[in-house]
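Biologist: Shall we go through the labels on this model together? I would like to hear how each one is earned.

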Amino acid sequence: MKYKILILILIFILLMGITISAEEKQIYEFDEALNIVIKNSLDLKAKDKALSKAYDTFERLDKASPMSITFKNSNFKRFITSQVEPFVKAEEAYRKYRQAILERDNFKTTIGLNLRSAVIAVENAEKALKESSANKKAWENEIKSLKLKMDKNFITEKEYENKKSEFEKKIKEAAKYETALDDAYYNLNLILVRENNNDIEINIVMDMISLDDLDLKQIKKELIAKDLSLTQKKDNRYMQKLYYDLVDEEISNYKIERLAETVREYVLETYEEAKINYETANLEYEKALASFDRNFEEMIQNIKDIIEQAEELEKELSVGQQNAEFIKRKYEAKLITKAEYDNKMNELNTLKDKLDTLQKELNLKFAKLLS
């Protein structure tokens with residue numbers, strides 16, 4: 001009797017330990033977790049340093065550049081080296097400083113998107129593992145049922161072994177979902193810069209947004225302004241245009257045919273090179289902008305396609321939920337077997353899971369669109 005009581009006490013303590021562990025799970029709202037990531041990001045701190053360095057460079061070059069450009073110079077080469085180049089370099093440094101700000105801000109946005117993606121990956125992995133565990137239990141029951149059928153000579157031993165082998169293979173494959181969940185948690189903890197543990201939960205509000213409620217033209221305009229690659233190409237075009245315009249303005253004051261041959265060659269070469277550089281930079285920017293336009297349209301179309309799929313699933317799910325009660329009554333009246341009932345319920349749960357997956361995908365797509 002004493003031993004039985006001792007065993008019961010030990011079981012109670014173990015159960016209490018499990019309960020305490022569950023209660024110790026750290027739960028964060030998404031914005032709260034995001035602030036932690038931003039605070040702990042070494043890469044973000046490095047970008048802050050790069051930003052400070054870019055500003056120092058601009059300040060130094062700005063002090064060395066002329067306050068304004070003086071035209072109608074007698075020495076074209078000196079005009080380029082003492083006025084145009086310092087002025088353009090200072091302007092270029094300022095734009096690189098602005099790019100550094102944009103890069104830092106974009107990195108914060110990327111951190112948020114990566115965190116959101118990692119949280120959704122954990123949720124999907126947990127759901128897949130839960131479903132797999134349920135299937136595993138069903139497959140184990142199927143093996144037991146097969147054994148009973150063989151014992152009663154309803155199936156041969158060979159049939160039993162073949163079917164058993166199929167279910168055992170499925171049970172073995174189900175183990176990959178545990179690994180997938182561990183990997184998802186590892187990635188989440190890596191982003192959060194914390195020890196690898198499954199004791200964390202981050203809540204994301206899955207607000208459904210309608211494209212009709214969004215000003216897509218304004219969103220596109222803002223995304224263009226935030227695109228670092230586009231900004232760099234646009235700034236390069238501006239710098240090349242600035243250089244070209246200054247050269248062109250100065251040359252317009254010369255009578256080219258009266259210049260010495262060596263001077264004339266230098267002037268014309270400088271002009272042609274400036275013109276080609278500007279035209280090339282302009283072409284590169286226009287091509288990049290056209291590519292951005294295509295990608296944006298594809299993004300919007302992709303969102304529309306997912307919304308359409310989600311709406312179809314919602315209709316299908318609505319019909320399935322309406323039929324669920326009827327199927328339950330049929331099962332209770334023994335008009336269908338438990339296996340048939342479970343199969344119908346599994347189909348309904350599969351629809352729910354598909355819809356949930358699409359909603360999470362939409363949440364991530366909208367997060368990128370509205371970043």
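Biologist: What makes β1 and β2 a pair of strands?
Modeller: Strands are DSSP runs of E with at least two residues, helices runs of H or I with at least four, both numbered from the N terminus. Two strands pair if DSSP finds at least two bridges between them; β1 (residues 26-29) and the parallel β2 (residues 200-203) have 4 bridges, so the pair qualifies. Ile 27 stands opposite Glu 201 there.

Modeller: Some ground rules: this is a predicted model, where local features need pLDDT of at least 70, side-chain atom pairs count only at pLDDT 80 or more, and totals for chains, interfaces and linings use all residues. Residues are numbered from 1 along each chain as its sequence is written, and side-chain values use heavy atoms, leaving out hydrogens and water.

Biologist: Why is the contact of Lys 127 and Asp 356 called a salt bridge?
Modeller: The term asks for a side-chain nitrogen of Lys or Arg within 4 Å of a carboxyl oxygen of Asp or Glu. Here N to O is 2.2 Å, so the contact counts. Lys 127 lies in helix α4 and Asp 356 in helix α10, so the pair ties together parts 229 residues apart in sequence.

Biologist: How do you know whether Asp 356 is buried or exposed?
Modeller: Buried means under 20% relative accessible area, exposed over 50%, partly exposed in between (1.4 Å probe, protein chains only). Asp 356 has 24%, so the residue is partly exposed.

Biologist: And what makes Glu 269 exposed?
Modeller: Glu 269 has a relative accessible area of 54%, so the exposed label applies. Its place is in helix α9 (residues 261-332).
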